[in-house]
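Colleague: Could I ask for a close look at a single part of this model, namely the place where two domains of one chain meet? Please set out what holds there and what each side contributes.

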Amino acid sequence: MSETTTGAGAPAREPVRAPARDSARDDASPGVPPAAHPVRLTVNGEAHDLAVDPRATLLDTLRERLRLTGAKKGCEHGSCGACTVLVDGRRVVSCLALAVACDGREVTTIEGLAAGGRLHPLQQAFLDADAFQCGYCTPGQIMSGVGLMAEGRARDDASLRDELSGNLCRCGAYPNILAALRRTTGIEPAPDATRGDDRLRAAAGVDEIARDARDGAGQGGA
Amino acid sequence: MNIRHDPDDASPDGGEPLRHVRKPLPHDSARRHVQGAADYIDDVREPQGTLQVAIGMSPKARGTIRGLDLAAVRAHPGVVRVLTAADIPGANDVSPAMGDDPMFATDRVSFHGQALFAVLAETRDAARRAAAKAVVEIAEERPSVTVEDALAREEAVLPDYGFGRGEVEPALVGAPHRLEGSLRIGGQEHFYLEGQAALATPGEEGDVHVLSSTQHPTEVQHVIARVLGLPDAFVTCEVRRMGGGFGGKESQATQWAAIAALGAHLTKRPCKVRLDRDDDFALTGKRHDFRCDWRVGFDGEGAIAGFAVTHNARCGYSADLSQGVVDRTMFHTDNSYYFPAVRIDTRRLLTNTVSNTAFRGFGGPQGMLMIEHVMDRIAWATGRDPLDVRYANLYRPGRDVTPYGQTVEETDTLRAIVETLERTSGYRTRRAAIAAFNGRSKTLKKGISLTPVKFGISFTLMHLNQAGALVHVYQDGSVHLNHGGTEMGQGLYQKIAQVVAEEFGIAIERVRITATSTGKVPNTAPTAASSGTDLNGMAARIAAGKIKARMAARAAARFGVAAEEVTFRDDRVFAGNESLPFGELAKDCVLHRVHLSEAGFYKTPTISWDRAAAKGRPFLYFAFGAACSEVLVDTLTGEYKVTRVDILHDVGRSINPAIDIGQIEGGFVQGMGWLTTEELVYDAETGRLRTHAPSTYKIPVASDVPEDFRVALFPNANREETIYRSKAVGEPPIMLANSVFCALADAVHALDPGKPVPLDAPATPEAVLRACQALRGRPLPERAIG
């Protein structure tokens, strides 16, 4: 378990296209905001023409300007994945992306995933697999999952575990998060992988072990 | 399990199978979570004119404040006001009990990062930039950072405390074998993914309403009132949900809510605090770290005759919750094992580090890890299988009294869980296969360990074992549910809704779950000690039951039957040969002036604890479990994998098996993080926390979860009359991860079975490598302890 750092499976980061530099403004006191910069962001299919501080992150712009609060702030370092969104279909940690770098690009957030009132299959799979506890990381996990599928990185069970390792879940709901991904991608668990996949296994698990305990009571031990 | 013959599975009115309870229903906010539509505090639309708050932090860990020049802070564009201790109208005290946690340090600083002042500005950016402009002058002293520093200075936050039974010294001296040692156990950062947050809004005449991401709204309310010099009734604290708590929002949420409230009080504008992650690491307490000095005497079978331990706990700069935390370490020093003679002492040491606090398990995990380590040491000394040493000491009838005098009544459950898991995990076969593998493999070594868990359920501070709930039935038959428990992802809200829907015999969608608020249920305990469902479930059932009784009386009068013959099921109410929809009866009750609101109250029966005499029955019952973990270690690098984990855990009769299994899996993963990769490093010279963000502090990720992970619930029913005979599940699974630590030691032990493994927690790859090299007789150079 030690080989993987938290960043190993972090979402691919898009190259950031910086705005034209203004050397006079670069020398300005950091207390004085630089002039706003016009950008066009297409978010969940809707175009927004905004004037943004060139230092504004995509995350702050989504949350504070467009009131799309589904993407969360976990660390503001690009290390936890809670802010993951898609830019032109690829995963981006929006706390490290500048809004100006997304000018003219298509941004998809968790709010834009359901179509016509129907949940995206991965959203439904998260529901069915009980793939969350506190829910704070969930939008990022789902966007990361949708992104890695779109990027063709969902090859096998090991790749799912690896690709998702940039999205922290402090509640430790990983077994069910992986189950939701497997269900959506059709990837079979590794031969020895976690048994059972969803809430339904809960009841089944009880009966199974009940039988086992009853049949074997008092047989083991020293 | 034939549910038809089990009275615990009958509906409240008898005769019918349960409709909601025992069902694996999803979390209450599941649909909102997957759509990003579940609001946390930072997602709530801010009222117009909200000010953003940044905290000014001490650059030194210990010393006297000579000067605090905030002129440049105040002059920064966008700054509206700067708060210092001089602005506090009431007490400069945000502590839970002991009065030793100032909101803002005044004369002395006690840890690196301690709050000195707060900046209120129009934007978060302005507030943070301004805070950095303070000129702080501190006459610095060398900080106490380690247990050893504190012992040398003889500084403690609380008096030493100990208890025991029998004559331990003769038992040690008289035992055929003796060992002694010292185990270091690291702390743990909560890393709730939603950091600390609060939004305070001023009202009339000093009223303040605060949204706080807290496990303890009542304490937030009381502390704000204390700080502002207002009656409690002027303050309302509300929390709909937290993005994780884990104990880190039991006492640690208070200060930020109180600062926001102070800002709102003074500026008459809403104020919001959302700590930056690095600041959150520096400003908030963590799991206590320990040095446990132990001595044990035992026979050739490994059965303990006498045991003595001194737990040296690093408490940080203030008491906070350390009394309860370290007491719980003492209560769990036995884990599942009987000590004929025992002495448990504790020192609650003061260090110039952030004040350590509640963390899932509340001190219990440290006591239990220590005794599991001792079991392994005995096994290595006797040459017996570590599991057989554990069996030799396991509580059993006649050897079932804990060091604090409470009898373990369910020794049969404990033994059945261990024996069942031994069989279902194939422990003996795998042990043999691992021995064969280790015989062939020079560099890669495997290890396996099976460890039990016994965890006491109840707050050891007796008055906290109470709860309230508020239930309204409206005239359309929809139900408003409120209680003192908070939702942090553990599924409490859904479990309580299941209980209430079951009581009324209505669809769960008819029960509206509402945010926890001190305005609805007062004087509550924190949602902690795994007690949320036990306490609030009972209180909610009592409230619903009283309303139902009045509704039944109305139905009985209307249809001319006895009230006992009225039953509630399938969204209808049945009275003799008549029936009507639940909503129609509610409407009928309103028209006939029947009261459809009730406050339920519950207090845990039969528990007692006399701390001075160290006697009583502090726990209503114990929750049990066991885990068997297998690891693969590269002994040349210290890297390892947890390859398979089998868990069997006792939740009594589960109210919601899906939620309970999630708690077990998640608790195990979190405990595994504590014992493997999560290492807190304080700079030994300056006391600064060097591991302050996910970049430097590694919690488990998806690829760390064991590839083969098998979790099952042990079929059991709580023998105490808990809500639907369930057992608490929040904390106990953390300690299932002790098996990972012991399995790692077992793998390293294969390098040289003649020597004990010098491995402390966390068993980082570096620590494992050190242990490997020590066994090879080529120890690595010492690392400064931080």
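Modeller: In this predicted model, 12 residue pairs are in polar contact between domain 1 of chain B and domain 2 of chain B, both residues of each pair being at pLDDT 80 or more. On the side of domain 1 of chain B that touches domain 2 of chain B, helix 14 (492-504) and helix 15 (532-559) of chain B each supply at least two residues. The residues of that side comprise 12 nonpolar, 11 polar and 10 charged.

Two salt bridges are found across the interface of domain 1 of chain B and domain 2 of chain B. As for individual charged pairs, the side chains of B:Asp9 and B:Arg653 form a salt bridge, with an N to O distance of 2.8 Å.

The domain assignment places 3-38 + 466-603 of chain B in domain 1 and 408-460 + 617-786 of chain B in domain 2. The contact draws 33 residues from domain 1 of chain B and 27 residues from domain 2 of chain B. Together the two domains of chain B bury about 2,200 Å², with 57% of this area on carbon and sulfur atoms. Taken over C-alpha atoms, the centres of domain 1 and domain 2 of chain B are 38 Å apart.

Helix 15 of chain B also permits a check of its geometry. Its 28 residues, at 1.5 Å a residue, should span 40 Å, and the end C-alpha atoms of helix 15 of chain B lie 39 Å apart, so the two values agree. Just after this helix, B:Gly560 adopts a positive phi of about 70°.

Conventions:
Residues are numbered from 1 along each chain as its sequence is written. Chains are lettered from A and ligands numbered from 1 in the order in which they are written. Side-chain values use heavy atoms; hydrogens and water are left out. Domain bounds come from an automatic or database domain assignment. Contact means heavy atoms within 4.5 Å. Buried area is the accessible area (1.4 Å probe) that two parts lose on being put together, summed over both. A salt bridge is a side-chain nitrogen of Lys or Arg within 4 Å of a carboxyl oxygen of Asp or Glu. A polar contact is a pair of N or O atoms within 3.5 Å; within protein, one must be able to donate a hydrogen and the other to accept it, and residues adjacent in sequence count only if both atoms are side-chain atoms. Helices (H or I, at least four residues) and strands (E, at least two) are DSSP runs, numbered from the N terminus. Ala, Val, Leu, Ile, Met, Phe, Trp, Tyr, Cys and Pro count as nonpolar, Asp, Glu, Lys and Arg as charged, and the others, Gly among them, as polar. The expected span of a helix is 1.5 Å times one less than its number of residues.
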